[in-house]
Amino acid sequence: MRKEIVIGPLVLLLLWIIIHYSGLANPVLVPSPLSVAEAFVLGFIQGNMFYDLGVTIMRFAWGFFSAVIVGVFLGLLLGYFERLYSSVEIIIDFFRSVPATALFPLFMLFFGVGDLAKVSVVFFACSLIILVNTAYGVKNVSHLRIMLAKVLRASQTKIMLKVILPDSLPHVFAGLRIGISFALIVVVVTEMFLGTVSGLGHRIIEDQLVYKIPEMYASIIVAGLLGYILNKGFLFIERRIVHWSGK
Amino acid sequence: MKNAFVCIEGVRKSYPNNQKDKTPQLVLDDISIDVKKGEFVTIFGPNGCGKTTLLNIAAGLIKQDAGRVSINQKSPLKAIFGYVFQNYPESLLPWKRTIDNIAFPLELKGKDKEERRKKVRGLLDFLGLHIPINNYPYQLSGGQQQMAVIARSLIHDPDVLLMDEPFSALNFQTRLYMQDKIQEIWSKTKVTLLFVSHEIEEAIYMADRVIVLTDKPTHVAKSLIVPFPRPRTRDMTLCQTFIELKKEIFKMMEGVIG
């Protein structure tokens, strides 16, 4: 591990300490690192941080993985049949451009205030990105590799499974990577809406309303760590699976 | 010659001029080529004369406008081909180890993994090819990638091996080495080989017969028999007969260019 990677976080911590103790900013809004650390630890051992984290992860996972299944499947199909893609391109691009959270109130009307509405909006946000990236990957599959399979008289199914699918994986994974970040944002935002009783987003908004600022920071840090670990973990898996990407 | 092994007869093919001008331009104009079983034929012609198109038609990958192709009296769609594409590094599947790339034709035929791998090792041994087969293609050198592609084109015992300017991306040394290696592989496997080249010396040095194509609209200018015994040596490229052959082809090309 390179030693210099700790410099940035240390400098940030130092700045935080300076800002808090110098009074540059309102110390209530920028609490001391120690009080945040205390809230962090207490949140886990006394409060229900674990529970809220778990709930957020579950909502994220349901939404994200269902989006992966549907997005990859439809992406392969639409990428393969170009005219099918053209016929729905405007719809896809339009809904892709609507901020998913703007649709949350609508989803609540349909699915109520429970988990189903949250999972659905995560699914909605991710599936289109994954679909578009997958379709793009299929469209950009090497013609030469398809020609190779054709000269070897491979069936259409075999060309799909043994050439097109693996060849489009780097683009699929690019879509999944964007999807993960998106899903996390959306799930936390939806948890801030009225009627929610659990999740990291709920903690953050509740603590903010009653001015429990260190507790709020602690929850934000947990959400950040979750995102960080998800991204790093995903990159690790991605490099293993699509090891040839960019080479 | 109706009984030739590879029989290309009166093949014509036109392509639209370009994106804007869709009027078809005649590329292949009445091409007839006969190749005997086990013969090593090079196809030589100026750049852009449709050599690749001709190979693709022979392989049944694209349809000719007129004329017919048969391999051993049958449709090319029923024949087994090995094909080394011009841009061969791209034709390797980067998600598969080299050994599984070479075995890919067998995988498509549904052979099981152990059998495939065994056959690859056997073939590489037989041909005297040394490739780090457990590496991924992007970890191989240009020459190693070339050898892997050649091995892949032979693993399923093709009726005909097609090679499309396979050495154009290699450096000079590797190129000379591969020219001899291909001849050695051909002598060992006795495969019928159609080799497209745009290098006169290479075309003569390697082949039993050189088929010279004209510029567009392309037809066969001449078919020249190369009378040298095998194995060929570099000295042969300096003898009078070789130089005469070269001169003859040059003269035909002058007609084309001039």
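In strand 8 of chain B, Val210(B) is the bridge partner of Thr42(B). Strand 3 (residues 40–44) of chain B runs parallel to strand 8 of chain B, and four bridges join them; strands are said to pair if DSSP finds at least two bridges between them. Strands here are DSSP runs of E with at least two residues, while helices are runs of H or I with at least four, and both are numbered from the N terminus. The model described is a predicted one, in which local features need pLDDT of at least 70, side-chain atom pairs count only at pLDDT 80 or more, and totals for chains, interfaces and linings use all residues. Residues are numbered from 1 along each chain as its sequence is written, and chains are lettered from A and ligands numbered from 1 in the order in which they are written.

Strands 3 and 8 belong to an open sheet of six strands in chain B, which has the order 5-6-7-3-8-9 and mixed pairing. Strand 5 and strand 9 of chain B are at its edges with a single partner strand each, so one side of each has no neighbour in the sheet. From one strand to the next, the twist averages 15 degrees. Helix 6 (residues 142–154) of chain B packs on this sheet and touches strand 5 and strand 6 of chain B; the direction of the helix makes about 165 degrees with that of strand 5 of chain B. Such axes are lines fitted to C-alpha atoms, for helices over the stretch in contact, and the angles run from 0 to 180 degrees between N-to-C directions. Contact between two residues requires that their C-beta atoms, placed from the backbone, lie within 7 Å.

Chain B also holds an open sheet of three strands, with the order 2-1-4 and antiparallel pairing. Its edges are strand 2 (24–35) and strand 4 (66–71) of chain B; each has a single partner strand, so one side of each is left without a neighbour in the sheet. Here the twist averages 25 degrees from one strand to the next. Five bridges link strand 1 (residues 6–16) of chain B with strand 4 of chain B in the antiparallel sense, and Arg12(B) stands opposite Ala66(B) of strand 4. Helix 1 (residues 51–58) of chain B packs on the sheet, where it touches strand 1, strand 2 and strand 4 of chain B, and its direction makes about 125 degrees with that of strand 1.

Taken as a whole, chain B has nine helices and nine strands. Its radius of gyration is 19 Å, close to the 18 Å that the globule rule gives for 258 residues, so chain B is as compact as a globular protein of that length. The radius is taken over C-alpha atoms, and the rule is 2.2 Å times the number of residues to the power 0.38.

The domain assignment, which is automatic or from a database, divides chain B into domain 1 (6–79 + 159–257) and domain 2 (90–158). Their centres, taken over C-alpha atoms, are separated by 25 Å. Twelve residues from domain 1 of chain B and nine residues from domain 2 of chain B make up the contact. On the domain 1 side, helix 7 of chain B gives the most, with five residues.

The two chains also meet: 15 residues of chain B are in contact with 13 residues of chain A. Strand 5 (81–84), helix 2 (88–91) and helix 4 (104–108) of chain B each supply at least two residues of the side that touches chain A. That side of chain B has twelve nonpolar, two polar and one charged residues. In this classing, Ala, Val, Leu, Ile, Met, Phe, Trp, Tyr, Cys and Pro are nonpolar, Asp, Glu, Lys and Arg are charged, and the others, Gly among them, are polar.

Some backbone details deserve a look. Most residues other than glycine have a negative phi, and most peptide bonds are trans. The bond from Lys216(B) to Pro217(B) is cis, with omega near -10 degrees, and Pro217(B) is in the loop between strand 8 (209–213) and strand 9 (220–225) of chain B. The bond from Arg230(B) to Pro231(B) is cis too, with omega near 0 degrees.

As for confidence, chain B has a mean pLDDT of 90, with 97% of its residues at 70 or more; pLDDT is the predictor's confidence in each residue, from 0 to 100.
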